[in-house]
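This report walks through one protein chain, beginning with its sheet and going on to its helices, its core and a single histidine. The sequence and the structure are shown first.

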Amino acid sequence: MQTFLLLAPLLLPLRFETPTDLEWAGRFWAEASIQGRDRIAEEWLRTEPDFQSAFDALKLGRIYPKDSPSGYILRKRTGSGGLVHPYLILIPENYTPEHKWPMRLELHGGMGAEEWDPDEAEWAGGWNKTGGGLVVLPAGWRDSMWWHASQAENIEAILRDVSANWNVDEDRIVAVGNSDGGAALFFLAMRMPNRFAGYAGYVAPPDRLVRADFEPDGQMHIDNLTRQRFHLGFGERDIKVPIKHLRKYLELFESVGAILDWYVLKG
């Protein structure tokens, strides 16, 4: 009894230092990676939280920092295969966390490129301003093309990272791409069908996803194109992406329920 009384002042403060359900929920939402969220969830469950209290805390959603940076933000991440993937985030100068913002994933062409310098956003061209929403520009190259498993992992991780730090409207994330970046839109739609509200592509050659020399990852499921919306543009005289070769792919996509709004620029 005396021993317990001596230890009591040391034990009682520990109870009050235990994180609340709101704090656990905050940690969970602030973690971008799936693995990290799994770890936090397991730690939280070990505290045997009250179900309703935990549910209500999670339902409140993310609490976004008010001091998140804006402007031109260059980052990089290392994938599970060891490749370093740089990416550029453009945040409007008038960004505030009080309301949700739309976001655009922009995929460049030219998958024959050498590996990019992770400290120089050369793949992003002249991108330096944005308004009305967030823009994310990842980098792809010959060793990590948009339709490789490494990029499927990378793009999902980048989107999670951005959504964990800025108030992104998950229902208004669109993917845009030209050339090889346009071809990647079909890959993303078949690989992660619930990620994007729609897709806009220019000179988008779907054959990249079936040609062995482009080494496409096989985890694509054409039925996932059902009810997915695409706005696509092609050139009438494009010798690299001829219309006569495209039609069979577009007709196939429409046959499984894809909603294609596509046009040809004459001349």
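## Sheet, helices and core

Strand E6 (residues 198-202) and strand E7 (residues 229-235) run parallel and are joined by four bridges; the model described here is a predicted one. Within this pairing, Tyr 199 has Phe 230 of E7 as its bridge partner, and Gly 201 stands opposite Leu 232 of E7. E7 also pairs with E8, again in the parallel sense, over seven bridges, and there His 231 stands opposite Asp 261 in E8. E7 is mostly covered, with five of its seven residues buried.

These strands belong to an open sheet of eight strands, arranged in the order E1-E2-E4-E3-E5-E6-E7-E8 with mixed pairing. Strand E1 (71-78) and strand E8 (259-265) are the edge strands, each of which pairs on one side only. From one strand to the next, the twist averages 20 degrees.

Two helices that lie against the sheet can be set side by side.

| Helix | Residues | Strands touched or crossed | Direction |
|---|---|---|---|
| H6 | 180-191 | lies across E3 (101-107), E5 (168-178), E6 and E7 | about 135 degrees to E5 |
| H7 | 243-255 | touches E7 and E8 | about 165 degrees to E8 |

A further helix, H5 (residues 149-165), can be checked for length: its 17 residues should span 24 Å at 1.5 Å a residue, and because its end C-alpha atoms are 25 Å apart, the expected and computed spans agree. Among the buried residues of H5 are Ile 155, Ile 158, Leu 159 and Val 162, but polar residues including Gln 151, Asn 154, Glu 156 and Asp 161 are buried there as well.

The largest nonpolar core has 52 residues, and those with the most contacts inside it are Trp 147, Val 162, Leu 188, Phe 196 and Phe 230. Two or more residues come from each of strand E2 (84-91), E3, strand E4 (134-138), H5, E5, H6, E7 and H7, and H6 gives the most, with eight residues. Phe 196 shows how such contacts are spread, for, leaving out residues up to four places away in sequence, Phe 196 touches Leu 105, Leu 159, Ile 173, Val 174, Ala 175, Leu 188 and Gln 228. There is also a second, separate core of eleven residues, which includes Leu 90, Trp 116, Trp 123 and Leu 137.

Is His 148 buried or exposed? The place of His 148 is in the loop between E4 and H5, and His 148 counts as buried because its relative accessibility of 9% falls under the 20% cut-off. Apart from its neighbours within four places in sequence, His 148 is in contact with Arg 142, Asp 143, Phe 187, Phe 214, Glu 215 and Asp 217.

Taken as a whole, the protein chain has seven helices and eight strands, and 44% of its 267 residues count as buried. Its C-alpha atoms fill a box of roughly 90 × 40 × 35 Å along the principal axes. The accessible surface comes to about 15,000 Å², of which 54% belongs to carbon and sulfur atoms. Of the contacts with a separation of 6 or more, 73% are between residues 24 or more positions apart.

Key. Residues numbered from 1 in each chain as written. Predicted model: local features only at pLDDT ≥ 70, side-chain atom pairs only at ≥ 80, totals over all residues. Heavy atoms only, no water. Pairing = 2+ DSSP bridges. Axes fitted to C-alpha atoms, helices over the stretch in contact; angles between N-to-C directions. Contact = heavy atoms within 4.5 Å. Expected span 1.5 Å × (residues − 1). Buried < 20%, exposed > 50% of the residue type's maximum accessible area, 1.4 Å probe, protein only. Core = buried A, V, L, I, M, F, W, Y, C linked by side-chain atoms within 4.5 Å. Areas by Shrake-Rupley, 256 points an atom, 1.4 Å probe, with all protein chains shown as cover.
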